[in-house]
Amino acid sequence: MYTARVEEWFAAAHFLENFHGKCENLHGHNYKVRVTVKGSQLDAGGMLCDFGIMKSALKVVFKELDHRNLNDLPFFSDGNPSAERIAEYIFLELEKLLNIN
């Protein structure tokens with residue numbers, strides 16, 4: 001099994017409804033995102049996945065998230081932009097961009 005990982009950062013604001021604490025108020029975070037791909041075979045160049053392609057795709061996703069109020073994004077209209085749901089959003093968008101099945 002092979003793995004490759006990239007890291008990138010973005011900053012965004014959000015608030016959590018029904019949290020019953022200070023996080024119900026609008027506040028911001030600097031998010032560090034690590035994306036790991038795994039596979040059992042390398043390509044002809046001996047790579048699992050090109051780091052440049054992974055980072056470029058992640059930057060495309062971050063264009064929608066960076067310096068935004070995440071609550072305003074349609075994806076989060078039916079629930080809080082919790083860390084778990086932000087991770088889900090990033091995964092689903094990367095899945096589309098990288099054509100992962």
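In the predicted model, the largest nonpolar core comprises 21 residues, and the members that touch the most other members of this core are F10, L58, L65, L70 and I90. At least two residues of the core come from each of the elements β1 (2-14), β2, α1 (51-65) and α2 (83-97), and the greatest contribution is that of α1, with 6 residues. Such an arrangement may be set beside a broader tendency: in soluble globular proteins, nonpolar side chains tend to be buried together. The surroundings of L65 illustrate how the core is assembled, since, when residues up to four places away in sequence are not counted, L65 touches F10, A11, A12, L70, L73, Y89 and I90. Three of the residues named above as touching the most other core members, F10, L70 and I90, are thus among the contacts of L65.

The chain in which this core is found contains 2 helices and 2 strands, and the order of these elements, read from the N terminus, is β-β-α-α. Along the principal axes, the C-alpha atoms of the chain fill a box of roughly 50 × 20 × 20 Å. Of the 101 residues in the chain, 33% are buried. When contacts between residues at least 6 apart in sequence are considered, 63% of them join residues that are at least 24 apart.

Strand β2, which spans residues 27-39, includes Y31. Y31 has a relative accessible area of 14% and is therefore classed as buried, the limit for that class being under 20%. With neighbours within four places in sequence left aside, Y31 is in contact with E8, W9, F10, A12, H14, L70 and I86. One of these partners, F10, is 21 residues away from Y31 along the chain, yet the C-alpha atoms of the two residues are separated by 5.4 Å. F10 accordingly appears both among the contacts of Y31 and among those of L65, as do A12 and L70.

E8, also in contact with Y31, takes part in a salt bridge with K55, in which the closest N and O atoms are 3.2 Å apart. Because E8 belongs to strand β1 and K55 to helix α1, this pair ties together parts of the chain that are 47 residues apart in sequence. The two partners differ in their exposure class: E8 is buried, its relative accessible area being 12%, whereas K55, at 34% relative accessibility, counts as partly exposed.

In total, 6 salt bridges are found in a search of the whole structure. As a general matter, side chains of opposite charge can pair when their charged atoms come close. A further salt bridge is formed between the side chains of R85 and D78, with an N to O distance of 3.3 Å; D78 is exposed, with a relative accessible area of 65%. In the salt bridge between E93 and K96, the closest N and O atoms lie 2.9 Å apart. These two residues are 3 residues apart in helix α2, so about one helical turn separates E93 from K96. E93 counts as partly exposed, at 22% relative accessibility, while K96, at 59%, counts as exposed. Elsewhere, R5, E7 and R34 are joined into one network by salt bridges that share partners. The position of E93 in helix α2 may also be described relative to F51, from which E93 is 42 residues distant along the chain, the C-alpha atoms of the two being separated by 17 Å.

The largest pocket encloses about 270 Å³ of space. Its lining is made up of 17 residues, of which V35, A87, I90, F91 and L94 are the closest to the centre of the pocket. Both β2 and α2 supply at least two residues of this lining. By class, the lining of the largest pocket consists of 13 nonpolar, 1 polar and 3 charged residues. I90, which is named among the lining residues closest to the pocket centre, is also one of the core residues that touch the most other members.

How values were computed: Residues are numbered from 1 along each chain as its sequence is written. This is a predicted model: local features need pLDDT of at least 70, side-chain atom pairs count only at pLDDT 80 or more; totals for chains, interfaces and linings use all residues. Side-chain values use heavy atoms; hydrogens and water are left out. Helices (H or I, at least four residues) and strands (E, at least two) are DSSP runs, numbered from the N terminus. Buried means under 20% relative accessible area, exposed over 50%, partly exposed in between (1.4 Å probe, protein chains only). Contact means heavy atoms within 4.5 Å. A nonpolar core is a set of buried Ala, Val, Leu, Ile, Met, Phe, Trp, Tyr and Cys residues joined through side-chain atoms within 4.5 Å. On a 1 Å grid over the protein atoms alone, a cavity is a set of points where a 1.4 Å probe fits but cannot get out, and a pocket is an open set with protein on both sides within 12 Å along at least five of seven lines; lining residues have an atom within 4 Å of a point. Grid points are joined across faces, edges and corners, and a volume is the space filled by probe spheres set on the points. Ala, Val, Leu, Ile, Met, Phe, Trp, Tyr, Cys and Pro count as nonpolar, Asp, Glu, Lys and Arg as charged, and the others, Gly among them, as polar. A salt bridge is a side-chain nitrogen of Lys or Arg within 4 Å of a carboxyl oxygen of Asp or Glu.
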